[in-house]
Amino acid sequence: MSASLSWIALFVAGLFEVGWAIGLKYTEGFSRFWPSAGTVLSMVISVGLLGLALKALPVGTAYAVWVGIGAVGTVVLGMFLLGEAATPARLGSIALIVLGIIGLKLSS
């Protein structure tokens, strides 16, 4: 897999990480079948795509970007879907994570 395709796979893996992180909220402790099934499927796809991306990308960079995409996406969706606070401190922290992701991408 080329480096460009690996970055795309990593980005999509990060999106699926957001899916399973938010999905956990809706599983109610894995007591609801469909939300649980979707969450587990998102977990498998996310980790599988991360594994593919690691064929061409450094593990430290790929893992940090994967986690960063997941963290930022989960916080943002938490604000929009779950009514979590959008304080200046939280927004600034999200911006720092995004800057870190960009820095890792540019330095690879």
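# Rings and a nonpolar patch

Colleague: Which residues form the nonpolar patch on the surface?
Modeller: This is a predicted model. Its patch has about 480 Å² of accessible area in total. The residues that form the patch are Tyr 26, Leu 77, Phe 80, Leu 81 and Leu 82.

Colleague: Which helix gives the largest share of the nonpolar patch?
Modeller: Four residues of the patch come from one helix. That helix covers residues 59-82. Leu 82 lies in this helix too. The name is α3.

Colleague: Is Leu 82 buried, partly exposed or exposed?
Modeller: Leu 82 has a relative accessibility of 31%. Buried means under 20%, and exposed means over 50%. The value for Leu 82 falls in between, so the residue counts as partly exposed.

Colleague: How are the rings of Phe 33 and Trp 34 arranged?
Modeller: The count comes to two aromatic pairs. Phe 33 and Trp 34 form one of them, with 4.7 Å from centre to centre and 80 degrees between the planes. Planes over 60 degrees apart fall in one class, so this pair is edge-to-face.

Colleague: What is the arrangement of the rings of Tyr 63 and Trp 66?
Modeller: The ring centres of Tyr 63 and Trp 66 are 5.6 Å apart, and the planes meet at 45 degrees. Under 30 degrees would be stacked, and over 60 would be edge-to-face. The angle of 45 degrees fits neither class, so the pair is tilted.

Colleague: Where do Tyr 63 and Trp 66 lie?
Modeller: Tyr 63 and Trp 66 are three residues apart. That spacing is about one turn of the helix. Both residues lie in helix α3.

Colleague: Which residue is buried, with a relative accessible area of 8%?
Modeller: Tyr 63 has 46% relative accessibility and counts as partly exposed. Buried means under 20%. A value of 8% falls under that limit, so the buried residue is Trp 66.

Colleague: How far is Lys 105 from the ring centre of Trp 7?
Modeller: Lys 105 lies over the face of Trp 7. The distance from the ring centre is 4.7 Å.

Colleague: How far apart in space are Lys 55 and Ser 2?
Modeller: Lys 55 sits in the loop between α2 (33-53) and α3. Lys 55 is exposed, at 66% relative accessibility. Lys 55 and Ser 2 are 53 residues apart in sequence. In space, C-alpha to C-alpha, they are 8.8 Å apart.

Conventions
Residues numbered from 1 in each chain as written. Predicted model: local features only at pLDDT ≥ 70, side-chain atom pairs only at ≥ 80, totals over all residues. Heavy atoms only, no water. Patch = residues over 30% accessible without salt bridge, like charges linked within 9 Å, V, L, I, M, F, W, Y side chains within 5 Å. Areas by Shrake-Rupley, 256 points an atom, 1.4 Å probe, with all protein chains shown as cover. Salt bridge = Lys/Arg side-chain N within 4 Å of Asp/Glu carboxyl O. Helix = DSSP H or I, 4+ residues; strand = E, 2+ residues; numbered from the N terminus. Buried < 20%, exposed > 50% of the residue type's maximum accessible area, 1.4 Å probe, protein only. Phe/Tyr/Trp six-rings, centres within 6.5 Å; stacked < 30°, edge-to-face > 60°. Lys NZ or Arg CZ within 6 Å of the ring centre and 35° of its normal.
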